[in-house]
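Dear colleague,

I am passing on the structure we talked about, and you will find it just below. Please look it over before you read my notes, which follow it.

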Amino acid sequence: MDTMDWDSLIQKHLDGQTNAEEAEALSSRIVADAGIRARYLQAGQVHGALADEVLALDLGDDPKVGVASMEKNKPIRSFACWPQQ
(Lines give C-alpha, C1' and ligand atoms only; values in the text may rest on other atoms or scores of the structure.)
Protein backbone atom coordinates (compact mmCIF):
# COMPACT_ATOMS: atom_id res chain seq x y z
CA MET A 1 0.00 0.00 0.00
CA ASP A 2 3.06 2.27 -0.29
CA THR A 3 1.73 3.51 -3.63
CA MET A 4 -1.31 4.98 -1.85
CA ASP A 5 -1.84 8.72 -2.28
CA TRP A 6 -1.98 9.42 1.44
CA ASP A 7 -2.74 13.12 1.06
CA SER A 8 -5.82 12.37 -1.04
CA LEU A 9 -6.91 9.67 1.39
CA ILE A 10 -6.45 12.07 4.31
CA GLN A 11 -8.64 14.68 2.60
CA LYS A 12 -11.21 12.06 1.71
CA HIS A 13 -11.28 10.90 5.33
CA LEU A 14 -11.61 14.42 6.72
CA ASP A 15 -14.53 14.94 4.35
CA GLY A 16 -16.16 11.78 5.73
CA GLN A 17 -15.91 9.91 2.43
CA THR A 18 -13.70 6.92 3.28
CA ASN A 19 -15.04 3.40 3.49
CA ALA A 20 -14.14 1.09 6.39
CA GLU A 21 -11.14 -0.44 4.57
CA GLU A 22 -9.68 2.96 3.67
CA ALA A 23 -10.22 4.31 7.18
CA GLU A 24 -8.50 1.28 8.69
CA ALA A 25 -5.55 1.57 6.29
CA LEU A 26 -5.17 5.27 7.09
CA SER A 27 -5.47 4.66 10.83
CA SER A 28 -2.79 1.98 10.73
CA ARG A 29 -0.49 4.19 8.67
CA ILE A 30 -0.98 7.15 11.01
CA VAL A 31 0.07 4.98 13.96
CA ALA A 32 3.08 3.53 12.13
CA ASP A 33 4.41 6.57 10.21
CA ALA A 34 5.27 9.86 11.95
CA GLY A 35 5.35 11.69 8.60
CA ILE A 36 1.82 10.62 7.68
CA ARG A 37 0.70 11.39 11.22
CA ALA A 38 2.08 14.94 10.94
CA ARG A 39 0.42 15.42 7.52
CA TYR A 40 -2.89 14.16 8.93
CA LEU A 41 -2.71 16.52 11.91
CA GLN A 42 -1.82 19.48 9.69
CA ALA A 43 -4.63 18.70 7.26
CA GLY A 44 -7.02 18.28 10.19
CA GLN A 45 -6.08 21.71 11.52
CA VAL A 46 -6.68 23.32 8.14
CA HIS A 47 -9.95 21.43 7.69
CA GLY A 48 -11.13 22.51 11.14
CA ALA A 49 -10.09 26.13 10.62
CA LEU A 50 -11.96 26.28 7.32
CA ALA A 51 -15.05 24.82 8.96
CA ASP A 52 -14.82 27.42 11.73
CA GLU A 53 -14.59 30.21 9.16
CA VAL A 54 -17.67 28.95 7.33
CA LEU A 55 -19.58 28.79 10.60
CA ALA A 56 -18.40 32.27 11.56
CA LEU A 57 -19.63 33.73 8.29
CA ASP A 58 -23.05 32.13 8.75
CA LEU A 59 -24.19 33.32 5.34
CA GLY A 60 -27.00 30.77 5.23
CA ASP A 61 -29.43 32.95 7.17
CA ASP A 62 -29.15 36.07 5.00
CA PRO A 63 -27.65 35.44 1.58
CA LYS A 64 -27.63 39.21 0.87
CA VAL A 65 -24.93 39.70 3.50
CA GLY A 66 -21.54 39.10 1.97
CA VAL A 67 -17.92 39.39 2.88
CA ALA A 68 -17.72 42.90 1.37
CA SER A 69 -20.36 44.26 3.73
CA MET A 70 -18.74 42.50 6.65
CA GLU A 71 -15.39 44.11 5.83
CA LYS A 72 -16.81 47.58 6.58
CA ASN A 73 -17.42 46.66 10.21
CA LYS A 74 -14.23 44.68 10.65
CA PRO A 75 -11.86 46.31 13.15
CA ILE A 76 -8.41 47.15 11.88
CA ARG A 77 -5.77 45.34 13.86
CA SER A 78 -2.08 45.99 13.90
CA PHE A 79 0.11 42.93 13.99
CA ALA A 80 3.26 44.96 14.60
CA CYS A 81 3.19 44.07 18.29
CA TRP A 82 3.16 40.34 17.60
CA PRO A 83 6.52 38.63 18.02
CA GLN A 84 8.37 38.01 14.79
CA GLN A 85 9.40 34.45 14.11
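A good place to begin is Asp-33, which counts as partly exposed at 24% relative accessibility. Please keep in mind that this is a predicted model. The side chain of Asp-33 meets that of Arg-29 in a salt bridge, with 3.3 Å from N to O, and Arg-29 is likewise partly exposed, at 23% relative accessibility.

This pair belongs to a set of three salt bridges in the structure. Another joins Arg-39 and Asp-7, whose closest N and O atoms lie 3.0 Å apart; this pair links distant parts of the chain, since Arg-39 sits in helix 3 (residues 34-57) and Asp-7 in helix 1, 32 residues apart. Arg-39 has a relative accessible area of 36% and Asp-7 one of 40%, so both count as partly exposed. There is also a salt bridge between the side chains of Lys-12 and Glu-22, at 2.8 Å from N to O, which connects helix 1 with helix 2 across ten residues.

As for the overall fold, the protein has four helices and zero strands, and 13% of its 85 residues count as buried.

The axes of helix 1 (residues 6-14) and helix 2 (residues 20-32) come within 11 Å and cross at roughly 120 degrees, and the crossing is left-handed. The residues that make this contact include Trp-6, Leu-9 and Ile-10 of helix 1, and Ala-23, Leu-26 and Arg-29 of helix 2; by class, the contact has six nonpolar, one polar and three charged residues.

With best wishes

Technical notes: Residues are numbered from 1 along each chain as its sequence is written. This is a predicted model: local features need pLDDT of at least 70, side-chain atom pairs count only at pLDDT 80 or more; totals for chains, interfaces and linings use all residues. Side-chain values use heavy atoms; hydrogens and water are left out. Helices (H or I, at least four residues) and strands (E, at least two) are DSSP runs, numbered from the N terminus. Buried means under 20% relative accessible area, exposed over 50%, partly exposed in between (1.4 Å probe, protein chains only). Axes are lines fitted to C-alpha atoms, for helices over the stretch in contact, and angles run from 0 to 180 degrees between N-to-C directions. A crossing is left-handed if the near helix is turned anticlockwise from the far one by less than a right angle, and right-handed if clockwise. Contact means heavy atoms within 4.5 Å. Ala, Val, Leu, Ile, Met, Phe, Trp, Tyr, Cys and Pro count as nonpolar, Asp, Glu, Lys and Arg as charged, and the others, Gly among them, as polar. A salt bridge is a side-chain nitrogen of Lys or Arg within 4 Å of a carboxyl oxygen of Asp or Glu.
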